[in-house]
Amino acid sequence: MDFGFQENEKKFLNKINKESISEINYNELADFIETTYNFTLSILDKYSSPFSKKTYTQPVLFTILGLKYYLNMSFRQITDFIEFSDKIKAFFKIKKAPNYSTLQKFFKRLPTNMFERITSLIIAELKIKNGIVALDGSGFTCDSADKYYSKIRRNERKHYTKCHIAIDTTTKIVMHSQALKGPRHDIKFAKASIRAMKKYKPSYILADKAYDTESIRRCINKELGSTEQIPLKSNFTHGVYRRKSQKTFQKEIYNQRRLVENVFSVIKRIFDGTNKSKSTRLRNKETRLKTLFYNIYRYNIIKN
């Protein structure tokens, strides 16, 4: 009475067990697991403490965390998934899946500089330089409550985390990301993102009208030596760099700014646009982790 499920399951498992995880003909999931694990090996220590039980290494836990977001699962669900998959356990060289609480504790203590460290490796691998950088921000909702429940409690206002990114328009790699509790105006993030791009020496910085301030234009021109492509507001007050931009603005280059919105769309579609964490600190970390796992996903597409 199982409608042939067990028979089909056996055939599937027999087929998978005959192949190595690296021999699967471009399987996106397998590629994501391998790439995430390999990048993490050079970043994280094997164990977080010399007194650790040494049951699971930090690279293994981080990769499972990435897999959780890639498959849009909860901590309990990803534990069940790993336990079911002998192939993934064999790749990680573990006998059983870690408990969901182990993953939760690892997520809480994970250093927040993981984005910069792994992204630097990706940028070096892809040899990104002297490109065009686009800036923009978007919100990741933090409320997964049922609409009816919220309505009867008279609390329909959705809370969210504001994420701001700077991308390379050629590769669509997120080169810099920030996350804070919203609502926040994009200008609050702008200068930090622009200054983070200084070491890459971009030719152009693209942004929408929300970034049209004299101080942002000065930062791009003087500190980076780049050319800003920001359209002027209709009611702008004149400034040195605003007057200059009337001559240097090129609509063909500015049109590439739409790519940053495409990146946000992919992040929310694949890695989910809703944060499940309860505290603001963990929501911010979760948002940045999603941009990091997007970079790994995008790296695989470019390489293949």
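The paragraphs below lead through this predicted model, from its overall make-up to two helix pairs, one partly buried helix and a few backbone features.

The protein contains 14 helices and five strands, and of its 304 residues 49% are buried. Its accessible surface amounts to about 16800 Å², with carbon and sulfur atoms contributing 50% of that area. When contacts between residues at least 6 apart in sequence are considered, 65% of them join residues at least 24 apart.

Two packed helices are described by the angle between their axes together with the distance between those axes. Helix H2, which spans residues 28-41, packs on helix H14, residues 280-303, at an angle of about 115° and with the two axes 9 Å apart. The crossing of H2 past H14 is right-handed. On the H2 side the contact is formed by Glu-28, Asp-31, Phe-32, Thr-35, Thr-36 and Phe-39, and on the H14 side by Phe-293, Ile-296, Tyr-297, Tyr-299 and Asn-300. Sorted by class, the residues in the contact of H2 with H14 are six nonpolar, three polar and two charged. An α-helix has 3.6 residues a turn, so residues three or four places apart point the same way.

Another residue of helix H2 is Ala-30, which counts as buried because its relative accessibility is 6%, under the 20% limit. The C-alpha atom of Ala-30 lies 8.9 Å from that of Ile-88, although the two residues are 58 residues apart along the chain.

The second pair consists of helix H3, residues 58-70, and helix H6, residues 100-109, whose axes are 10 Å apart and meet at an angle of about 100°. H3 is therefore roughly perpendicular to H6, since angles of 65 to 115 degrees are counted in that class. H3 brings Gln-58, Leu-61, Phe-62, Ile-64, Leu-65 and Tyr-69 to this contact, while H6 brings Thr-102, Leu-103, Phe-106, Phe-107 and Arg-109. The residues in the contact of H3 with H6 comprise eight nonpolar, two polar and one charged.

Further along the chain, helix H10 covers residues 214-224, and its buried residues are Glu-214, Ile-216, Arg-217, Cys-219, Ile-220, Asn-221 and Leu-224. What do these buried residues of H10 pack against? Their partners are H9, strand E4 (204-206), strand E5 (227-229) and helix H11 (240-248). Gly-225, just after H10, takes a positive phi of about 70°.

Positive phi values also occur in residues other than glycine. Lys-93, in the loop between helix H5 (86-92) and H6, has a phi near 60°, and with a relative accessible area of 76% this lysine is exposed. Asp-272, in the loop between helix H13 (258-271) and H14, likewise has a positive phi, of about 80°, although it is not a glycine. Asp-272 counts as partly exposed because its relative accessibility of 22% falls between the limits of 20% and 50%.

A last backbone feature concerns a proline. The peptide bond that runs from Gly-182 to Pro-183 is cis, with omega near 0°. Pro-183 belongs to the loop that connects strand E3 (173-181) with helix H9 (187-196), and H9 is one of the elements against which the buried residues of H10 pack.

Note on methods:
Residues numbered from 1 in each chain as written. Predicted model: local features only at pLDDT ≥ 70, side-chain atom pairs only at ≥ 80, totals over all residues. Heavy atoms only, no water. Axes fitted to C-alpha atoms, helices over the stretch in contact; angles between N-to-C directions. Helix = DSSP H or I, 4+ residues; strand = E, 2+ residues; numbered from the N terminus. Left-handed = near helix turned anticlockwise from the far one by under 90°. Contact = heavy atoms within 4.5 Å. Nonpolar A, V, L, I, M, F, W, Y, C, P; charged D, E, K, R; others polar. Buried < 20%, exposed > 50% of the residue type's maximum accessible area, 1.4 Å probe, protein only. Areas by Shrake-Rupley, 256 points an atom, 1.4 Å probe, with all protein chains shown as cover. Parallel < 35°, antiparallel > 145°, perpendicular 65-115°, else oblique.
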